[in-house]
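Me: I would like to go through this structure step by step. Could we begin once it is on the screen?

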Amino acid sequence: MTEKALRLGTRRSKLALAQSGQVAEAVRRVTGRPVELVEITTHGDVNRAHLTQIGGTGVFVTALRDALVRGEVDFAVHSLKDLPTTQPEELVLAAVPEREDPRDVIVARDALKFTDLPRGARIGTGSPRRMAQLNAYARTHGLDIETVPIRGNVDTRIGFVQGGELDAVVLAAAGLNRIGRSDEVTDFLSVDTVLPAPGQGALAIECAADHADLVAALGELDDPFTRAAVTAERSLLAALEAGCSAPVGALADLLADGQSVKEMRLRGVVGTTDGTRMVQLSTTGPVPQTHDGATALGRELASEMLAQGAAGLMGERAH
């Protein structure tokens, strides 16, 4: 008799279904069991208000987690940057697979690069983090841009450019890669220009903590370097007491010497959305071997940023 299919809870968006489909395939390979997608509508999908107004972090996650706790699905796939930094006790982050490209990208009219946009160019993004860093970069490099708050899925956002309402929009490289639309990117934003959101490009596979067999099976998909990096980034975010709607960028990357990985560098930035005031710092240390080690790296950098006035740049502190 064939084993019962594992039920994978996913949001209904094209991107969520694409990334959940990729995870489902990987889970089939490691478990030998069929996997069926269970589509769940979240508060963030039906409410068109700006994320900062409807609760920021967690609006795409709560319904999936509720379905897990009720046993309606066996595991769920989230974009890691959408996950609140506190982990519910009854759920476990069973796997963080290898990360996609963490960078932000520009999709601009006439295939323009960011620095070639005309004076007064209107750039759409729903992210205070992107606004803060784009405005700061423009200010220091003599560019004249206007950041315009937008929401919507990839089609909607790119449609603003195609329809002529905006000169460019900023999106995550990983999302476009996962839905096969990376050819529409006109410019990749260097992480020296715009640091991504903590956890950007990474997925989180979550299941009930008491399903030990499933936790172990899903653990086969875990990438230890990605997990250490995103743990450090999210620890920084948590220590700044900021939600995912705060203008915080963070990226942990590995510094290699030839073939061997020597160190991990964690960079963090927080700034006012108009880009006038920024705190940007980095720290480098041995690659953390434990969850606690990665968490400590994030906390250390956050305390240095707070000492330089980061708290005053975030607007409302998330509680």
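Me: Which way do the residues of β3 point, and are they buried or exposed?
Reply: In this predicted model, Phe 75, Val 77 and Ser 79 point one way from β3, while Ala 76 and His 78 point the other way, and all are buried. Strand β3 covers residues 75-79, and five of its five residues are buried.

Me: Is there a general reason for side chains pointing in two directions, and what is it?
Reply: In a regular strand the side chains alternate between the two faces of the sheet.

Me: Which strands are joined to β3 by bridges?
Reply: Strand β1, residues 6-10, is joined to β3 by two bridges, and these strands run parallel. Here Leu 8 stands opposite Phe 75. Strand β10, residues 203-208, is joined to β3 by five bridges, and that pair runs antiparallel. Within β10, Ile 205 is the bridge partner of Val 77.

Me: Moving on, what is the strand order in the five-stranded sheet?
Reply: The order is β7-β6-β8-β5-β9, in an open sheet with mixed pairing. The strands β7 (145-149) and β9 (187-188) each have a single partner strand, so one side of each is left without a neighbour in the sheet.

Me: What packs on that sheet?
Reply: Helix α4, residues 128-140, packs on the sheet and touches β5 (104-108), β6, β7 and β8 (168-172). The direction of α4 makes about 175° with that of β7. Helix α5, residues 154-162, lies across β5 and β8 and runs at about 155° to β8.

Me: How many bridges join β6 to β7?
Reply: Five bridges join β6, residues 121-125, to β7, and the two strands run parallel. One pair of bridge partners is Ile 123 and Thr 147, the latter in β7.

Me: What about the loop between β5 and β6, and where do Asp 110 and Ala 111 come in?
Reply: Asp 110 is found in that loop, and Ala 111 has its place there too. Phi of Asp 110 is near 55°, a positive value in a residue other than glycine. For Ala 111, phi is likewise positive and near 55°.

Me: Are those two residues buried or exposed?
Reply: Asp 110 is exposed, with a relative accessible area of 60%. Ala 111 is exposed as well, at 58%.

Me: Which residues does Thr 186 contact, leaving aside its neighbours within four places in sequence?
Reply: Thr 186 is in contact with Ile 106, Val 107, Ala 108, Ala 111, Leu 112 and Lys 113, with those sequence neighbours left aside. Thr 186 is placed in the loop between α6 (173-178) and β9. The relative accessibility of Thr 186 is 12%, so this residue counts as buried.

Me: Now a different spot: where is Gln 19, and is it buried or exposed?
Reply: Gln 19 lies in helix α1, residues 14-31. With a relative accessible area of 3%, Gln 19 is buried. Setting aside neighbours within four places in sequence, the contacts of Gln 19 are His 78, Ser 79, Arg 178 and Leu 203.

Me: Which strands form the three-stranded sheet?
Reply: That open sheet has the order β11-β12-β13, with antiparallel pairing. The edge strands are β11 (248-257) and β13 (278-286), each of which pairs on one side only. From one strand to the next, the twist averages 15°.

Me: How many bridges are there between β12 and β13?
Reply: Strand β12, residues 260-271, pairs with β13 over nine bridges. Among the partners are Val 269 and Gln 280, with Gln 280 in β13. Helix α9 lies across β12 and β13 and runs at about 35° to β12.

Me: How do α8 and α9 cross?
Reply: The axes of α8 (residues 224-239) and α9 (residues 291-307) come within 7 Å and cross at roughly 40°. That angle makes α8 oblique to α9. The crossing of α8 past α9 is right-handed.

Me: Which residues meet there, by class?
Reply: The contact of α8 with α9 has 10 nonpolar, five polar and one charged residues. Residues from α8 include Ala 228, Thr 231 and Leu 236, and those from α9 include His 291, Arg 299 and Met 305.

Notes: Residues numbered from 1 in each chain as written. Predicted model: local features only at pLDDT ≥ 70, side-chain atom pairs only at ≥ 80, totals over all residues. Heavy atoms only, no water. Pairing = 2+ DSSP bridges. Helix = DSSP H or I, 4+ residues; strand = E, 2+ residues; numbered from the N terminus. Contact = heavy atoms within 4.5 Å. Axes fitted to C-alpha atoms, helices over the stretch in contact; angles between N-to-C directions. Parallel < 35°, antiparallel > 145°, perpendicular 65-115°, else oblique. Left-handed = near helix turned anticlockwise from the far one by under 90°. Nonpolar A, V, L, I, M, F, W, Y, C, P; charged D, E, K, R; others polar. Buried < 20%, exposed > 50% of the residue type's maximum accessible area, 1.4 Å probe, protein only.
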